[in-house]
Each structure stands twice: as structure tokens, then as C-alpha cells.
Amino acid sequence: MVESVESKAHVKFPVSKLRVGMFVTSIDNDGQVAIANAGQIKDRESINKLIKNGIKHVWVDKERSADSCGFKNTVQPPPTLKKKAPSREASQQKAKKLVTEAKDLLAKVLSETFEGKAIEVAPFEEFADNLIDSALLDSDALKCVSALRTKDAYLLEHSVNVAFLLITFGQHLNFDKQKLKEMAVGGILHDVGKIQVDDKVLHKPGKLSQEEFEHMKKHQNFAMSIMSKTDGISQISKDVCLMHHEKLDGNGYPNGLKGEELPLHGRMSCIVDIYDALTAKRCYKDAMSPAAAFKVLLSLTPFHLDEALVYQFIRSVGVYPVGSLVELSDGRIGIVWHAKGRDALHPILKCFYSLKHKRYLDVTFVDLLKSDANIERGLSPSSLDVDPTPFY
């Protein structure tokens with residue numbers, strides 16, 4: 001079960017108002033969306049069957065519905081002159097530059113923090129503003145860049161990605177820009193306490209012993225000390241930094257917060273931190289596919305994570321997130337390249353390899369709204385015999 005994403009073309013529709021010719025993509029059952037056999041409604045009997053089965057809402061693709069349904073008869077406003085949007089290539093380069101600058105900033109601050117210097121908040125607030133602006137301009141470009149991971153730069157990449165995922169999640173929940181900025185600052189600083197964790201424990205290529213794990217958990221105590229000396233940092237930023245290991249049942253750390261003691265942004269930080277850790281390549285493990293990570297998140301509800309929020313998070317990043325790898329029904333492998341304003345099952349893919357023929361292909365962009373192929377499954381990078389990195 002997944003949640004669908006509403007867009008201009010893809011809308012939730014009451015079964016009682018369905019008409020012959022409408023194109024149904026999935027069935028909604030009390031907010032949970034079952035991906036059924038998509039197709040156009042051919043007769044009234046199909047509608048009656050949905051009603052008989054107690055289905056009250058479905059998801060309809062207006063662009064693929066028949067003209068007789070009236071979706072395509074809207075009067076288009078006259079064209080207006082506006083500034084040309086930057087190309088995807090330009091947005092991608094800008095996103096790479098922003099992420100690199102953020103990692104350099106964080107590396108510098110971690111080094112200074114290790115030496116006992118206090119954190120200056122202003123540079124991180126500036127980064128957060130730039131990240132929000134870039135996300136609004138071309139979120140797909142940022143998502144692709146954030147999907148590029150290296151096992152040796154985990155701490156820096158993870159911190160930047162948590163900041164970006166919190167912005168994505170917060171935008172989905174309609175947070176204002178100030179709150180997004182404060183959450184992003186907390187996100188990029190959320191693991192600052194790890195600078196005082198023993199390197200042998202922090203980078204151990206294997207499971208930690210109980211003693212080592214207890215030492216690792218102290219990074220949150222170190223973070224509390226660092227946050228207390230940081231002037232000008234908001235309470236929301238502190239919460240994101242200090243609450244991402246708390247659990248709803250009170251068995252988390254460092255403060256064992258329980259239930260309503262965890263504010264909304266604190267609960268969000270728990271979800272985002274786990275998801276990004278699962279989908280990252282580490283020195284001791286391969287990256288999970290987003291689909292596998294979603295299953296883990298759901299398995300942690302309702303005692304560890306907020307179940308309703310987990311579903312909202314999945315909805316915010318998409319069933320097949322931009323930057324993730326998928327296999328098509330014809331054996332081609334592609335990167336989910338563009339999804340903004342599209343339904344969850346029909347993104348645009350950048351295909352570069354054939355799993356069926358075990359060879360690289362000429363790079364092609366495949367619009368699944370116009371293709372006979374469909375997504376067979378999501379993939380983790382480690383499941384491929386080839387490196388997809390050059391194609392980002």
C-alpha cells in the first residue's frame with residue numbers, strides 16, 4: 001500500500017462522479033492507495049463494481065481520460081512573457097556547487113568545533129536559504145545530486161541530505177519558509193556531536209559491540225553541550241539536532257522523550273535521519289533501495305515512528321524518488337529524472353543500461369506517460385554490475 005500524489009493531471013475523484021472514458025490509475029481506500037490494473041473505464045458496470053466493493057475514491061489521470069469527460073475543455077490563459085527557466089543541466093551544476101559548498105562549510109565547522117570553538121549560525125542560515133531557493137527552482141536537480149553517495153564522505157553527505165529532505169518534507173506539509181530554514185539548519189548540524197566520537201567506533205566496518213554502541217550514543221550528549229554554546233540558534237533547529245534518535249514509546253535517546261513530548265518537527269527528523277541512513281552507502285553496508293527503506297520505516301511504526309507521518313514522508317519523496325534507480329518492464333535501467341507535477345508511477349527516466357542484454361545503451365529520456373513500458377521495480381545501486389554515477 002502506498003499513498004498517491006495529487007498533481008494538475010492526477011486527481012483524487014469520488015466514485016459516485018466517475019464517468020465512462022475516465023482513466024483510473026489506482027484505488028483509494030481510506031487514504032491508502034492500492035495500485036490496481038490501470039485503465040480507462042469502458043462501461044457503467046465497471047463503476048458499479050467499484051461502488052459494490054465499497055470504494056469511495058479513485059485516482060484519475062485527466063490527461064489520459066477521454067475528451068468526452070470534459071477535462072480538456074478548459075480555456076487556456078493567453079501566454080505571458082516570463083523569464084526563461086534555467087536548463088536542467090544548469091540547475092544540476094548549480095545544485096552540485098551548492099552541495100559541495102555546504103559540505104566544505106560543515107567540514108570546516110566540525111574541525112573548529114573539535115578544537116572547542118563555538119558554531120556561528122549565520123553561514124548555515126545562508127546555506128538553508130540557498131537550499132530552499134534551489135528546491136523551489138528545480139527540486140528534481142537537487143534530488144538527483146543528493147542521490148550521489150560515497151561511503152567515505154558519509155557524515156557530510158548525510159547531514160546535507162537530511163537538511164534537504166526536511167525541506168522537501170516540510171514543503172509537502174505547507175510549512176512557511178522560516179520554519180523550513182530552521183529545520184534545515186538543524187538538519188545540517190544534526191550529527192555535529194559525532195566529531196567527539198572515537199574514530200574507531202565511528203568508522204568501524206561492522207556491527208558495534210554494546211560498549212561501542214553506548215559510546216556512539218554519547219554523540220547526542222556532545223551535541224547538547226555544543227548547542228548550549230551556540231548563540232542565535234532557534235529552538236526548532238536545536239530540536240531537530242537533539243531529537244532525531246528519540247522514539248515515540250520513550251525508548252530513544254538522549255532524553256527518552258515520549259509521545260506528545262516529541263513535536264512534529266522532532267518526529268520528522270527521526271524519519272528523515274533513518275531513511276537517509278538506510279539509502280546511503282556505508283563502509284560496512286550497501287545502500288538500500290528507497291522501496292526497501294520505506295518498508296523498514298513502516299516496520300518501525302507505531303512504537304518508534306509516527307505512522308501517519310511516515311506515509312506523508314513517502315508521499316513527499318515519491319514511491320520512486322527522483323535520483324533513484326528503477327528497472328523497466330523491457331529490462332532497461334534508468335534514473336528517475338523528473339517527477340515534479342507528475343503522478344507517482346509515471347516519471348521521466350534517464351535510461352542508460354539494459355539488464356536484459358548486459359550492455360550500456362545510448363542515453364535516452366523515457367516519458368512513462370507516453371511509453372508502453374512501466375516500472376517493474378526499484379533498485380539499489382549495489383544490485384547492478386555497473387556504476388550509474390557518470391549518468392547523474
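Select C351 and C144 in this predicted model. C144 holds the cysteine sulfur closest to that of C351, yet the two are 13 Å apart, too far for a bond. A disulfide would need the sulfur atoms within 2.5 Å. Now show the surface around C351: this residue has 1% relative accessibility, so it counts as buried.

Next, select C241 and C270. The sulfur of C241 has its closest cysteine sulfur in C270, and the 12 Å between them is too far for a bond. C241 is also counted as buried, because its relative accessibility is 0%. How many disulfides does a search of the whole structure find? The result is zero.

Zoom out and color the chain by secondary structure. Twelve helices and ten strands should appear. Switch to C-alpha atoms and align the view with the principal axes: the atoms fill a box of roughly 70 × 50 × 50 Å. The radius of gyration is 23 Å, which agrees with the value near 21 Å for a compact globule of 392 residues.

Color by accessibility next. Of the 392 residues in the chain, 49% are buried. Then turn on contacts, keeping those with a separation of 6 or more: 66% of them join residues 24 or more positions apart.

Now display the surface of the whole chain. About 19,800 Å² is exposed, and carbon and sulfur atoms supply 52% of that area.

Last, select the charged side chains. The chain has 53 positive and 51 negative charges. Where the two sets are averaged, their mean positions lie 5 Å apart.

Technical notes:
Residues are numbered from 1 along each chain as its sequence is written. This is a predicted model: local features need pLDDT of at least 70, side-chain atom pairs count only at pLDDT 80 or more; totals for chains, interfaces and linings use all residues. Side-chain values use heavy atoms; hydrogens and water are left out. Helices (H or I, at least four residues) and strands (E, at least two) are DSSP runs, numbered from the N terminus. The radius of gyration is taken over C-alpha atoms; the globule rule is 2.2 Å times the number of residues to the power 0.38. Buried means under 20% relative accessible area, exposed over 50%, partly exposed in between (1.4 Å probe, protein chains only). Contact means heavy atoms within 4.5 Å. Accessible areas come from the Shrake-Rupley method with a 1.4 Å probe; for residues, only the protein chains shown count as cover. Lys and Arg count as positive and Asp and Glu as negative; His and the chain ends are not counted. The place of a charge is taken as NZ of Lys, CZ of Arg, CG of Asp or CD of Glu.
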